[in-house]
Amino acid sequence: MIRNKASLCCLALATLLSGCSAGSAAPSPTPSPQAAPIEEAEDPTTADGIFTLAQAQRGEDLYGEVCSECHDTSDWTDSGFKSRWEDQSVFQLWYYINDRMPYEDPYSLSRQQVTDALTYILRLNGLPAGDEELATDDDSIDDYWIQWRP
């Protein structure tokens with residue numbers, strides 16, 4: 001009669017090993033081939049050319065018409081601005097602009113105007129333009145992270 005789990009484990013092991021022929025070792029398990037390490041793709045950033053020059057030009061035009069009343073372009077290129085937004089989601093900066101600008105009339109800009117103004121800010125900071133415009137929907141805007149290094 002088996003009285004405890006340890007005895008049961010020993011009996012099971014002895015039964016398993018009894019199937020091996022004398023003098024031969026139990027076959028060692030074959031190691032599974034190791035897959036090459038999967039490199040995680042870096043999240044897309046503003047340094048990846050996420051806007052077009054035409055889009056940034058529309059943003060510059062909007063700046064001249066609306067934003068320049070309160071802002072100098074250096075407001076968007078100084079180290080304080082850049083460090084505040086570095087490694088933040090583009091979506092966060094987009095919503096900051098959308099919710100607060102223009103100061104006297106928040107929420108008055110269209111989604112396209114906010115996006116264009118944002119791309120002008122990116123261009124002012126020397127970020128490269130690409131082949132496709134930055135979309136205006138939340139999901140597309142949220143795909144990117146702010147990195148000021150091109």
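This is a short chat about the helices, aromatic pairs and surface charge of a predicted model.

User: How many helices and strands are there in the protein chain?

Analyst: The protein chain of this predicted model has six helices and zero strands, so that, read from the N terminus on, its elements run α-α-α-α-α-α.

User: And what share of its residues count as buried?

Analyst: Of the 150 residues in the protein chain, 27% count as buried.

User: OK, aromatic rings next: how many aromatic pairs are there?

Analyst: The count comes to seven aromatic pairs, and one of them is formed by tryptophan 76 and tyrosine 120, whose rings are 6.3 Å apart, centre to centre, with 90° between the planes.

User: Is that pair edge-to-face or stacked?

Analyst: The pair of tryptophan 76 and tyrosine 120 is edge-to-face, because planes over 60 degrees apart count as such.

User: Where in the chain do the two residues sit?

Analyst: Tryptophan 76 is in the loop between helix H2 (53-65) and helix H3 (79-85), while tyrosine 120 is in helix H5 (residues 111-124), so the pair links distant parts of the chain, 44 residues apart.

User: Are those two buried or exposed?

Analyst: Both tryptophan 76 and tyrosine 120 are buried, and ring pairs also link them with Tyr63 into a cluster.

User: Switching to the surface, which residues form the negative patch?

Analyst: The negative surface patch is formed by Asp137, Asp139, Asp142 and Asp143, and of these aspartate 139 is found in helix H6 (residues 138-141).

User: Why does aspartate 139 count as exposed?

Analyst: Aspartate 139 counts as exposed because its relative accessible area is 63%, and exposed means over 50%.

How values were computed:
Residues are numbered from 1 along each chain as its sequence is written. This is a predicted model: local features need pLDDT of at least 70, side-chain atom pairs count only at pLDDT 80 or more; totals for chains, interfaces and linings use all residues. Side-chain values use heavy atoms; hydrogens and water are left out. Patches are made of residues with over 30% relative accessible area and no salt bridge: like charges are joined within 9 Å, nonpolar side chains (Val, Leu, Ile, Met, Phe, Trp, Tyr) within 5 Å. Accessible areas come from the Shrake-Rupley method with a 1.4 Å probe; for residues, only the protein chains shown count as cover. A salt bridge is a side-chain nitrogen of Lys or Arg within 4 Å of a carboxyl oxygen of Asp or Glu. Lys and Arg count as positive and Asp and Glu as negative; His and the chain ends are not counted. The place of a charge is taken as NZ of Lys, CZ of Arg, CG of Asp or CD of Glu. Helices (H or I, at least four residues) and strands (E, at least two) are DSSP runs, numbered from the N terminus. Buried means under 20% relative accessible area, exposed over 50%, partly exposed in between (1.4 Å probe, protein chains only). Rings of Phe, Tyr and Trp (its six-membered ring) pair if their centres lie within 6.5 Å; planes under 30 degrees apart count as stacked, over 60 as edge-to-face and the rest as tilted.
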